[in-house]
Amino acid sequence: MSRTHSHNRRQFLSSAASTAAGLSFLSHLPHVSRAEATLTPGMVRFTDDIEPLVRLIEETPRQRLLEQVAQKIQSGTTYREVLAALLYAGVRNVQPRPSVGFKFHCVLVVNSCHLASLAGPDEDRWLPIFWAIDYFKDSQADEARRSGWHLQAVNESQVPTKEKARQAFIEAMESWDVEQADVATAAIVRHLPRKDVFNLFAQYAARDFRSIGHKAIYLANGWRTLDAIGWENAEPVLRSLTFALLNHQGESNPSDNQHAVDLAWRVNEPRATKLGEDWNKGQLDDKFTRELIQEGRTAAPANISELVASAMSNGVGPQSVWDGVFMSAMELLMRQPGIVGLHGLTTANAVRFIYDNTDDELLKRKLLLQASSFNPYFRESAKGRGQLSPMNYDTWEEKATDEKPDVESIIAEISSNKLDASMLVRKYLSNGGAPAPLIDEARRQIFLRGRNAHDYKYSSAVLEDFSHLSPTWRDDYLALSVFSLKGSNDRQSPLVERTRAAIG
């Protein structure tokens, strides 16, 4: 064992012992089993029974809220009820403007925190939810300071009839008409089956690159939470989603103009139509995946989707395209760790969810082409923030390490040197190490050291997507994910101590 490996192991074991003691306060709350945290559609609804909890979250000052929620939990309030109330408080107190991000992450992150809780040990499941509750108060205060905005009641006199609901929604979304889209959203929620409503929203969530992917992220994360906690009273959530999807602040109406952020969708629509009925019958082609990664370093958004459409017409299957989308996004994160590369991955996760859950075959094709086009958009956005590292996936592949790492040394190394940590993950997996313990420990570090919404959004997305890649690419994807994960020697989140104080 090398001196570095031995040192990192000692650091991890010391940190783990501190962690075990540090989270013991959570034993004062009821443990949440995986079954209880696995939300079943219809189990929680935004009824009058939930409203008092929503008001508690909205009205209690931040410095006292965790204590108040802890008391509710100790007296019988369930995990599901807290999650439902948190989502509702976010959508009616924080608007997705001027960008579908920033303060609005208090809504976007709810599902990510839930996924982190679901994957964690029973005794720790409350911590991500407490983090999200506290984060909401920060966003709520920011909104109140800036605008005082609240989601207003729908204009009932303008809500279309059942017969006109679908077409009214389509026309409003196509013309970017916020007022008409708002009332049309109320109509489709009231009158159409949930699957039809999802298919309608899916047509518009990835059609532009505004807010670096947050529109698709909102549909995916919001829908996953909403579909779990219940459809009744989904109306305010989806009205907020509509408001987000129509955000083009600072630009003229996209329906009448040719903005660069809209271009890829416009060229991908006809390309999707030309793909034959056997578009999803193609074979795995690792050579094409590698070509897609390489071309993604320089190609324009429309050109990269043209490459994908041509390959699929010649027998390349969708999985090889998705492999290239995820690996290209991960390469960008390695070349410039930070906010842009991180969103390339969370957006890929969201578009993949929409793709998997729509039953509109033409839309699936458009989403696949659009997912490939998004990576060049992210690449250019990253260049606007600074130079990209000359290292790419090809040169990273050539690197090697003589270490014989274990999970402890890897998690410790993430805090010290992420490039070295990525090589340790690769060596660990190639030596037959099981990915599950590594993934579990990476999630646990987010519980302890996650300090912002992106820590939760990113970790929940990339660790989930590990299983979405084909075996050829899966291990390298996990190895590169460390560029935006937390290590065992990163600072502990101050919320751990605040939650301890709240619970007592």
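Is Asp394 buried or exposed? I looked this up first, and Asp394 comes out buried, with a relative accessible area of 19%. The cut-off for buried is under 20%. Note to self: this is a predicted model.

**Entry: the partner of Asp394**

I checked what Asp394 pairs with and found a salt bridge to Arg290, where the closest N and O atoms are 3.4 Å apart. Arg290 sits in helix 14 (residues 286–295) and Asp394 in helix 19 (residues 393–398), so this pair ties together parts that are 104 residues apart in sequence. I also looked at the accessibility of Arg290, which is partly exposed at 26% relative accessible area. So I have a buried Asp394 paired with a partly exposed Arg290.

**Entry: salt bridges elsewhere**

I ran the search over the whole structure and got 29 salt bridges. I picked out a few to look at.

Inside helix 17 (residues 339–357) I found Arg352 and Asp356, four residues apart, about one turn of the helix. They form a salt bridge, and their closest N and O atoms are 3.2 Å apart. Arg352 counts as buried at 10% relative accessibility, whereas Asp356 is partly exposed, with a relative accessible area of 39%.

Helix 18 gave me another pair, Glu380 and Lys383, which form a salt bridge with the closest N and O atoms 3.5 Å apart. These two are three residues apart in helix 18, about one helical turn. The spacing makes sense to me: an α-helix has 3.6 residues a turn, so residues three or four places apart point the same way. Glu380 is partly exposed at 39% relative accessibility, and Lys383 is partly exposed at 43%.

I also noted a network of salt bridges that links Glu51, Arg55, Glu58, Glu59 and Arg92.

**Entry: helix 13**

Where does helix 13 bend? I found the bend at Asn268, about 25°, in a helix that covers residues 260–274. A proline, Pro270, follows within four residues of the bend.

I then asked which residues of helix 13 are buried. My list is Val261, Asp262, Ala264, Trp265, Asn268, Arg271 and Ala272. Asn268 therefore turns up twice in my notes, as a buried residue and as the site of the bend.

Last, what covers those buried residues of helix 13? I wrote down helix 15 (301–313) and helix 18 (361–383), which are included in the cover. Helix 18 was already in my notes as the home of the Glu380 and Lys383 pair.

Notes: Residues are numbered from 1 along each chain as its sequence is written. This is a predicted model: local features need pLDDT of at least 70, side-chain atom pairs count only at pLDDT 80 or more; totals for chains, interfaces and linings use all residues. Side-chain values use heavy atoms; hydrogens and water are left out. The bend at a residue is the angle between axes fitted to the seven residues ending there and the seven starting there. Buried means under 20% relative accessible area, exposed over 50%, partly exposed in between (1.4 Å probe, protein chains only). Contact means heavy atoms within 4.5 Å. A salt bridge is a side-chain nitrogen of Lys or Arg within 4 Å of a carboxyl oxygen of Asp or Glu.
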